[in-house]
Amino acid sequence: MAISIYSTLLPFPKLTVSSRKYHPFGGSNPSNLTIPTTSTVTTKALHSKTSDSLTSIITELEKESLNKDDQNQRQEDINTTHHERRLSDVWRELHGQDDWVGLLDPMDPLLRSELIRYGEMAQACYDAFDFDPFSKYCGSCRFVRRSFFPSLGMAHHGYHVSRYLFATSNINLPNFFKKSRWPKVWSKNANWIGYIAVSDDETTARLGRRDISIAWRGTVTRLEWIVDLMDFLKPVSGNKIPCPDPTVKVESGFLDLYTDKDETCRYSTFSAREQILTEIKRLVEEYSGEELSITITGHSLGSALAILSSYDITEMGLNVTADGQVVPVSVLSFSGPRVGNVRFKERLESLGVKVLRVVNVHDVVPKSPGLFFNEHVAPRLMKLAEGLPWSYSHVGVQLELDHKNSPFLKQTSDPVCAHNLEAHLHLLDGYHGKGHRFVLASGRDPALVNKASDFLKDHYLVPPYWRQDENKGMVRSKDGRWIQPERPKLDDHPEDIHHHLKQLGLASDH
């Protein structure tokens with residue numbers, strides 16, 4: 001995925017970029033509201049001396065552009081979040097209890113902070129994924145489950161991963177799945193596609209509830225997966241997902257990715273659906289005496305899987321505890337496509353799922369599929385087109401951002417830039433409402449935008465596609481040879497999965 005700048009094999013200094021601490025672009029972060037996240041990377045493009053000069057150049061540029069009104073706006077956000085409201089008191093409102101009415105324009109500072117936090121959990125799927133076709137671990141997660149967040153510099157995020165998610169690559173989405181070119185690989189038929197994490201005790205106290213979070217991996221560098229879609233709706237019940245209404249339909253490619261499995265493969269013996277349902281069931285039971293929330297996030301194709309899995313969890317009633325308490329389920333998605341028809345939208349809303357979709361108005365993905373028949377068409381015409389296999393409707397509430405409002409970004413027509421998740425998080429940090437000036441609220445580092453794109457203006461001197469593994473993952477062995485090191489085996493499925501499948505009535509499939 002990354003582009004190597006220099007091909008030398010000499011060791012290089014590590015560059016640590018903090019996404020939420022004070023940094024050269026200005027601003028500081030209310031530490032009691034958002035959790036510091038640090039991405040530690042090795043770059044072959046910048047030596048330490050160059051990094052120091054880069055910092056000073058950017059600092060001067062930002063001092064020139066940050067006027068008094070910007071400073072006042074940033075301080076107003078900090079004062080609001082510090083003195084008026086606590087996250088633990090208003091989490092249900094931020095979770096979509098009232099469909100985010102009055103929170104988006106002007107932008108609520110706490111909601112912005114939460115959206116960025118969950119967006120970073122989705123971004124972690126990209127940062128941890130092995131995209132390199134020359135790695136025998138291509139298609140897997142680069143870190144074992146127990147060290148996932150610490151390995152990404154996110155130890156203070158306050159979550160621990162309870163399980164990884166895998167899917168079979170034997171379906172027609174070749175631009176989503178990645179495979180190694182080598183004959184000896186970690187798995188021939190599986191890809192790592194996300195994780196389930198739970199907030200720790202300290203974070204739970206800060207959030208006001210125990211948060212169960214699901215993060216789905218999407219697509220980061222290429223958009224050809226849109227072409228892979230069959231653009232054909234099929235009933236969700238056709239893939240054994242229970243639904244009382246046979247007219248509730250979703251895009252067939254999303255449905256197959258979610259429900260297919262390969263019993264000859266260790267990692268995809270169980271479908272992503274079975275992995276999700278059994279783990280959510282187990283966690284809701286484990287923490288049944290506590291206040292809970294289920295928050296699902298994803299970018300691009302991961303957004304579609306987030307919405308589909310939220311429907312499945314609530315349709316199966318897994319968000320209802322043994323004593324009848326309903327656990328709120330919310331989706332905070334980024335740059336996602338349409339998932340199903342208008343009946344799917346209505347069914348999802350009736351189940352109480354809250355969806356907030358963050359989009360860039362210049363991104364083509366949220367406009368697909370359903371190019372001609374969608375929620376923007378007159379209701380009477382949509383009613384006539386309801387039975388067509390290509391009549392789609394977005395769900396939930398949409399928050400529109402515009403990358404042309406950011407003074408940091410190039411005016412480019414590159415669709416990959418417009419779709420980039422780090423760019424969306426940058427735009428969120430600067431968004432205060434329609435017609436408001438773009439001001440970075442937390443000072444989140446804009447250099448992160450160029451982690452996997454070429455979107456920042458050149459005068460910031462941030463190399464494009466700068467995030468990469470040192471020496472492409474090669475290390476020196478004891479005898480001085482350069483080799484690909486062995487990695488610990490990833491956990492596949494918990495031993496009690498059969499027990500939970502049986503209780504869910506799904507054991508007959510195995």
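This tour moves through a predicted model, from the whole chain to single residues.

Because this is a predicted model, local features require pLDDT of at least 70 and side-chain atom pairs count only at pLDDT 80 or more, whereas totals for chains, interfaces and linings use all residues. Residues are numbered from 1 along each chain as its sequence is written, and side-chain values use heavy atoms, with hydrogens and water left out.

**The whole chain**

Begin with the protein chain coloured by secondary structure: 15 helices and 13 strands are present. Helices (H or I, at least four residues) and strands (E, at least two) are DSSP runs numbered from the N terminus. Of the 510 residues, 58% count as buried; buried denotes under 20% relative accessible area, exposed over 50%, and partly exposed in between, with a 1.4 Å probe and protein chains only. Among contacts (heavy atoms within 4.5 Å) between residues at least 6 apart in sequence, 75% join residues at least 24 apart.

**The sheet**

Next select β3, β4, β5, β8, β9, β10 and β11, which in that order form an open sheet of seven strands with mixed pairing. Two strands pair if DSSP finds at least two bridges between them. At the edges stand β3 (159-168) and β11 (397-401), each with a single partner strand, so one side of each has no neighbour in the sheet. From one strand to the next, the twist averages 20°.

**Strand β9 and its partners**

Now isolate β9 (329-334). Six of its six residues are buried. Val 329, Val 331 and Ser 333 point one way, while Ser 330, Leu 332 and Phe 334 point the other way. On one pairing, six bridges join β8 to β9, and the two run parallel; Ile 294 stands opposite Val 329 there. β9 also runs parallel to β10 (residues 354-360), with five bridges between them, and Leu 332 stands opposite Leu 356 in β10.

**Helices α10 and α8**

Add helix α10 (residues 301-315), which packs on the sheet and touches β5 (210-216), β8 (292-299), β9 and β10; its direction makes about 150° with that of β8. Axes here are lines fitted to C-alpha atoms, for helices over the stretch in contact, and angles run from 0 to 180 degrees between N-to-C directions.

Then show α8 (residues 252-259), whose axis comes within 10 Å of that of α10 and crosses at roughly 70°. That makes α8 roughly perpendicular to α10, a label for angles of 65 to 115 degrees (under 35 is roughly parallel, over 145 roughly antiparallel, and the rest oblique). To inspect the contact, select Phe 254, Leu 255, Leu 257 and Tyr 258 of α8 together with Leu 301, Ala 304, Leu 305, Leu 308, Ser 309 and Asp 312 of α10.

**Helix α14**

Move to α14 (residues 421-430): 10 of its 10 residues are buried, so this helix is largely enclosed by the rest of the structure. Its buried residues include Glu 422, His 424, His 426 and Asp 429. To see what covers them, display elements including α4 (109-128), β8, β9, β10, β11 and α13 (415-419).

**Loop residues**

Select Asn 341, in the loop between β9 and α11 (342-350). Asn 341 is buried, with a relative accessible area of 2%. Not counting residues up to four places away in sequence, Asn 341 touches Leu 233, Thr 247, Val 248, Lys 249, Ser 391, Tyr 392 and Ser 393.

Gly 396 follows, in the loop between α12 (379-384) and β11. At 40% relative accessibility, Gly 396 counts as partly exposed. The C-alpha atoms of Gly 396 and Leu 356 are separated by 5.8 Å, although these residues are 40 apart along the chain. With residues up to four places away in sequence left out, Gly 396 touches Glu 349, Val 355 and Arg 357.

**Backbone details**

Most residues other than glycine have a negative phi, and most peptide bonds are trans. Trp 100, in the loop between α3 and α4, has a positive phi near 60° and counts as buried at 2% relative accessibility. Ser 335, in the loop between β9 and α11, has a positive phi near 55° and is buried, with a relative accessible area of 0%.

Finish with two cis peptide bonds. One joins Asp 105 and Pro 106, with omega about 5°; Pro 106 is found in the loop between α3 (87-94) and α4. Another runs from Ser 368 to Pro 369, with omega near -20°; Pro 369 is in the loop between β10 and α12.
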